[in-house]
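My notebook is open and I am ready to look around. Come along and check each entry against the picture.

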Amino acid sequence: MSSGISILVIDDNKIRASIIEEGLRDAGHDKVILVHQMDGLVRQIADINPDVIVIDLENPNRDQLEHMFQVSRTVHRPIAMFVDKADSLSIEAAVDAGVSAYVVDGLKRERVKPILDMAVSRFRAFSKLAQELEDARTELADRKSIDRAKGILMKSKGLSEQEAYELLRRTAMNQSRKIIDVAQSLIIACGLLAD
């Protein structure tokens, strides 16, 4: 992980925050920002715009955890969360909220960097999988639209499936558009004419 990244450390306990800060600085990270005020946290994060977020919650109660999980869902950044105690429900909620590393009773200066590196790696892997899933969903939706447009052409013009596809493709090429755009336009036009 590059030492030029900015890291936001969120902790209302200044002593514990300094342990994390020292661990990060020892690892060569010089862009470390500390936040001790929990009010307006999402706005503070947006203003600071860090590359990575480290949250330290000593003994979090349910409300504190839920607040941090809401923050996690809002910001799209690698997040490492340190807590002193946890139960399986808290860990599951942290994963669901997008926390990249949830570390129980592991706040030691020398462990901060490896945990942060792991959080960034997991965040990147999860983001890649999420993008691949979104791409697959888009491709499936596009295929359905193209099939629907082919069906409209087959029915209205008496074309075979291959001829309908060729007509869509040719129209897209002639108009310098994507086939999906032509197909969606055809579906919309057909819908307007049917009403």
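**Entry 1: the strand in the middle of my page**

How many bridges join β3 to strand β4? I looked it up: 5 bridges join β3 to β4 (residues 79–83), and the two strands run parallel. Before going on, I noted that this is a predicted model, in which local features need pLDDT of at least 70 and side-chain atom pairs count only at pLDDT 80 or more, while totals for chains, interfaces and linings use all residues. I also noted that residues are numbered from 1 along each chain as its sequence is written, and that side-chain values use heavy atoms, with hydrogens and water left out.

Some terms for the margin: helices (H or I, at least four residues) and strands (E, at least two) are DSSP runs, numbered from the N terminus. Two strands pair if DSSP finds at least two bridges between them.

On the β4 side, I found I53 standing opposite I79. I then turned to strand β1 (residues 7–10), which pairs with β3 in the parallel sense over 4 bridges. There I10 has I55 of β3 as its bridge partner.

Is β3 (residues 52–57) mostly covered or mostly open? It is mostly covered, with 6 of its 6 residues buried (buried means under 20% relative accessible area, exposed over 50%, partly exposed in between, using a 1.4 Å probe and protein chains only). I checked the directions too: V52, V54 and D56 point one way from β3, while I53, I55 and L57 point the other way.

**Entry 2: the whole sheet**

I followed the strands across and found an open sheet of 5 strands in the order β2-β1-β3-β4-β5, with parallel pairing. Why is one side of β2 and of β5 left without a neighbour in the sheet? β2 (32–35) and β5 (101–104) stand at the edges with a single partner strand each, so one side of each has no neighbour there. From one strand to the next, the twist averages 15° (axes are lines fitted to C-alpha atoms, for helices over the stretch in contact, and angles run from 0 to 180 degrees between N-to-C directions).

At the β2 edge, I saw that β1 and β2 run parallel, joined by 4 bridges. L8 has I33 in β2 as its bridge partner.

**Entry 3: salt bridges**

My rule here: a salt bridge is a side-chain nitrogen of Lys or Arg within 4 Å of a carboxyl oxygen of Asp or Glu. The count comes to 6 salt bridges.

I went back to β3 for one of them: D56 meets R16 at 2.6 Å, N to O. D56 lies in β3 and R16 in helix α1 (residues 14–26), so the pair ties together parts that are 40 residues apart in sequence. Both D56 and R16 are buried.

My next stop was E161 and K150, whose closest N and O atoms are 2.9 Å apart in a salt bridge. This pair links distant parts of the chain, with E161 in helix α6 (residues 161–174) and K150 in helix α5, 11 residues apart. E161 is partly exposed at 47% relative accessibility, whereas K150 is buried at 9%.

Within α6, I found a salt bridge between R169 and E166 (2.7 Å, N to O). These two are 3 residues apart in the helix, so about one helical turn separates them. R169 is partly exposed at 33%, and E166 is partly exposed at 24%. I also noted that salt bridges with shared partners join D147, K150 and E161 into one network.

**Entry 4: the largest pocket**

A pocket is found on a 1 Å grid over the protein atoms alone, as an open set of points with protein on both sides within 12 Å along at least five of seven lines, where a 1.4 Å probe fits; lining residues have an atom within 4 Å of a point.

I looked up the largest pocket and found 17 lining residues, with V95, G98, V99, F123 and F126 nearest its centre. The elements giving two or more residues to this lining are α3 (62–74), α4 (88–97) and α5 (112–157). Which of them gives the most? α5 does, with 6 residues.

**Entry 5: one last residue**

I ended at I180, which sits in helix α7 (residues 179–194). I180 counts as buried at 11% relative accessibility. The C-alpha atoms of I180 and L168 are separated by 8.8 Å, and the two residues are 12 residues apart along the chain.
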